[in-house]
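Got the viewer open? Let's walk through this one selection at a time.

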Number of protein chains: 4
Amino acid sequence: VTQFEDSVLPLTVRPADLDRLGHVNNAVALEYCEAGRWDWLERNGLDGGGEVAAVVARAEVDYLAEIRTGPVQVRTVLVSPSGADLGELTYQARFQQEVRSPGTSRPAVQAVVTVAFISEQTRGLVSLQDFLDDRTHPTRSPTESLT
Amino acid sequence: VTQFEDSVLPLTVRPADLDRLGHVNNAVALEYCEAGRWDWLERNGLDGGGEVAAVVARAEVDYLAEIRTGPVQVRTVLVSPSGADLGELTYQARFQQEVRSPGTSRPAVQAVVTVAFISEQTRGLVSLQDFLDDRTHPTRSPTESLT
Amino acid sequence: VTQFEDSVLPLTVRPADLDRLGHVNNAVALEYCEAGRWDWLERNGLDGGGEVAAVVARAEVDYLAEIRTGPVQVRTVLVSPSGADLGELTYQARFQQEVRSPGTSRPAVQAVVTVAFISEQTRGLVSLQDFLDDRTHPTRSPTESLT
Amino acid sequence: VTQFEDSVLPLTVRPADLDRLGHVNNAVALEYCEAGRWDWLERNGLDGGGEVAAVVARAEVDYLAEIRTGPVQVRTVLVSPSGADLGELTYQARFQQEVRSPGTSRPAVQAVVTVAFISEQTRGLVSLQDFLDDRTHPTRSPTESLT
């Protein structure tokens, strides 16, 4: 694997996402980002249930403008590791994400989300390379991957 | 107003919608239906903030099949009052709704949702006709509607 | 098993549960009911991950009064099968549930929720007796239960 | 007002909060934090609907351990402005928050949440002092506050 594609996911704001002010709730914006990361995985052929799960280790979220009812777009870009570092052993990946209403010049929400990888069997941390291997070799069964 | 259009709203399942079995949670299906009713209102020119709110009075929901990650469609049809009764005074409206994965022959969720109408100022029940008046005369200000 | 205990679960309304009117969203009330049923299972020694899952087949929910921020109580009672029928083969269980603010004379939400039971391995329907066996014999491993 | 009290809010994890791994979803942890900040406001006599709303401007969240079903505690401490700075004009407040399972030695989630204040009428930013004035003088009506 040498290059990943960015993802732009269209979503629809649901009434239950809104708070008393008629804005999308701050926690719900993180749900949008999570949907964006799943779309990124799918776009890059890394979806599908394997034995290694990606879990959020840290999120930094800036709320720049209110989001109201209507369509939104979630943009997801892998920022680390970058191309040159992809071959090195690493235990985290970092995404830059934006939520915006279509046609607006600047995002309503900007987030930097760091994910780590855990084995669903041992619950221990594993590397990004383990995650990529697990997702790109779906025919290899969990049992085999432990031998 | 004599005829209303049905609505078919496409939505995307978000990871946070899924439960431990990887299925859309039963309460979340009602969030999908609520989004469908808002789309129905918008399609029929009845969205927009007025002085009368539509609130759910009763919901009957049948869960026929599991919904997994991916796109879904929410179909919303007004079943009561029907054409002939639209001129009569009524305090409720009833919608039939379906949630399904695109391309499947039968819905995963079927719901019958009864809504009532309340004045945001008095908190009292008002009629469907009051609701329709409120939504189709946006230029009439709340203050005027009280005189 | 001959008798089940009712459950009364105290919950706290979270800000994200509220909609634009400052009321608990109609879908969120079903989340409260789900928490109530889990508490009922725990109170009756039926929690714990087994090989049989309880899934909602149908929900009938009446919204009688608005719920605002603060504490709420969820009352959960098994209404079917009742004592005399518990020995007979059945594929569903039905709960009557209420959500109310403490100290109020009548519930804000009343629900009748029917659950069915599925084997997590075969995804097929199994009986209430299979569910009870699975939950009350935690030492029996999934593999053994298939032989 | 010169000194604020910390808040420790007990919450119950709901089944719908859990993801496919049986852990509390990362976005839901922010809902817990929001509930904690509302409890902090109430404990310090700053709840109640006024004309000034507190909105989240930035959240930094570290996910240190998984949260499973059961009770949790949300601890909320105001870290900025601190005692000495409380008299100075400021447009933000910063909270340090922790979510933990009772009896555990370290938190599962740590968050630093910055809130800003907006006038619900003008939608413009206002100061912390405006917010405190609004919440501690409930008898002053919105109209009066504009004259």
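Buried area here is the accessible area (1.4 Å probe) that two parts lose on being put together, summed over both. With that in hand, select chains D and A together: about 2,100 Å² is buried between them, and carbon and sulfur atoms give 47% of that. Some housekeeping before we go on: this is a predicted model, where local features need pLDDT of at least 70 and side-chain atom pairs count only at pLDDT 80 or more, while totals for chains, interfaces and linings use all residues. Residues are numbered from 1 along each chain as its sequence is written, chains are lettered from A and ligands numbered from 1 in the order in which they are written, and side-chain values use heavy atoms, with hydrogens and water left out.

**Stop 1: chain A by itself**

Hide everything but chain A and switch to cartoon. You should find three helices and six strands; helices (H or I, at least four residues) and strands (E, at least two) are DSSP runs, numbered from the N terminus. Trace the chain from the N terminus and the elements go β-α-β-β-β-β-β-α-α. The C-alpha trace spans about 55 × 30 × 25 Å along its principal axes.

Now colour by accessibility. Of the 147 residues in chain A, 50% are buried, where buried means under 20% relative accessible area, exposed over 50%, and partly exposed in between (1.4 Å probe, protein chains only). Chain A exposes about 7,000 Å², with carbon and sulfur atoms supplying 48% of it; accessible areas come from the Shrake-Rupley method with a 1.4 Å probe, and for residues only the protein chains shown count as cover.

A contact map is worth a look too. Among contacts (heavy atoms within 4.5 Å) in chain A between residues at least 6 apart in sequence, 71% join residues at least 24 apart.

**Stop 2: a nonpolar patch**

Select A:Leu89, A:Tyr91 and A:Leu125. Together they form a nonpolar surface patch with about 360 Å² of accessible area. Patches are made of residues with over 30% relative accessible area and no salt bridge, joining like charges within 9 Å and nonpolar side chains (Val, Leu, Ile, Met, Phe, Trp, Tyr) within 5 Å. Zoom in on A:Leu89: this residue sits in the loop between strand S3 (71-80) and strand S4 (92-100). Is A:Leu89 buried or exposed? Exposed, with a relative accessible area of 61%.

**Stop 3: the D/A pair**

Bring chain D back. The contact takes 23 residues from chain D and 23 from chain A. All of the interface residues of chain D (100%) are also interface residues in chain A, so the copies meet through the same surface.

Try superposing D on A: a turn of 180 degrees and a shift of 0.0 Å along the axis does it, with an RMSD of 0.0 Å. Copies are superposed by least squares on the C-alpha atoms of residues with pLDDT of at least 70 in both. Which residue of chain D comes closest to the rotation axis? D:Glu60, with its C-alpha at 2.2 Å.

Keep D:Glu60 selected and add A:Arg58: their side chains meet in a salt bridge (3.3 Å, N to O). A salt bridge is a side-chain nitrogen of Lys or Arg within 4 Å of a carboxyl oxygen of Asp or Glu. Chains D and A have six salt bridges between them.

**Stop 4: the B/C pair**

Swap to chains B and C. About 2,100 Å² is buried between them, 47% of it from carbon and sulfur atoms. B:Leu21, B:Arg58 and B:Arg123 supply 23% of the area that chain B buries against chain C, more than any other three residues. The salt bridge count for this pair is six; to see one of them, pick C:Arg58 and B:Asp62, at 2.8 Å, N to O.

Chain B can be laid on chain C by a turn of 180 degrees and a shift of 0.0 Å along the axis, with an RMSD of 0.0 Å. The two copies are thus related as by a two-fold rotation axis.

**Stop 5: two residues in chain C**

Select C:Asn26, in helix H1 (residues 26-43). C:Asn26 counts as buried, at 9% relative accessibility. Leaving out residues up to four places away in sequence, C:Asn26 touches B:Leu30, B:Glu34, B:Arg37, B:Val56 and C:Tyr63.

Finish at C:Asp130, in helix H2 (residues 128-136). C:Asp130 counts as partly exposed, at 37% relative accessibility. Draw a distance to C:Val52: the two are 78 residues apart in sequence and 7.5 Å apart in space, C-alpha to C-alpha.
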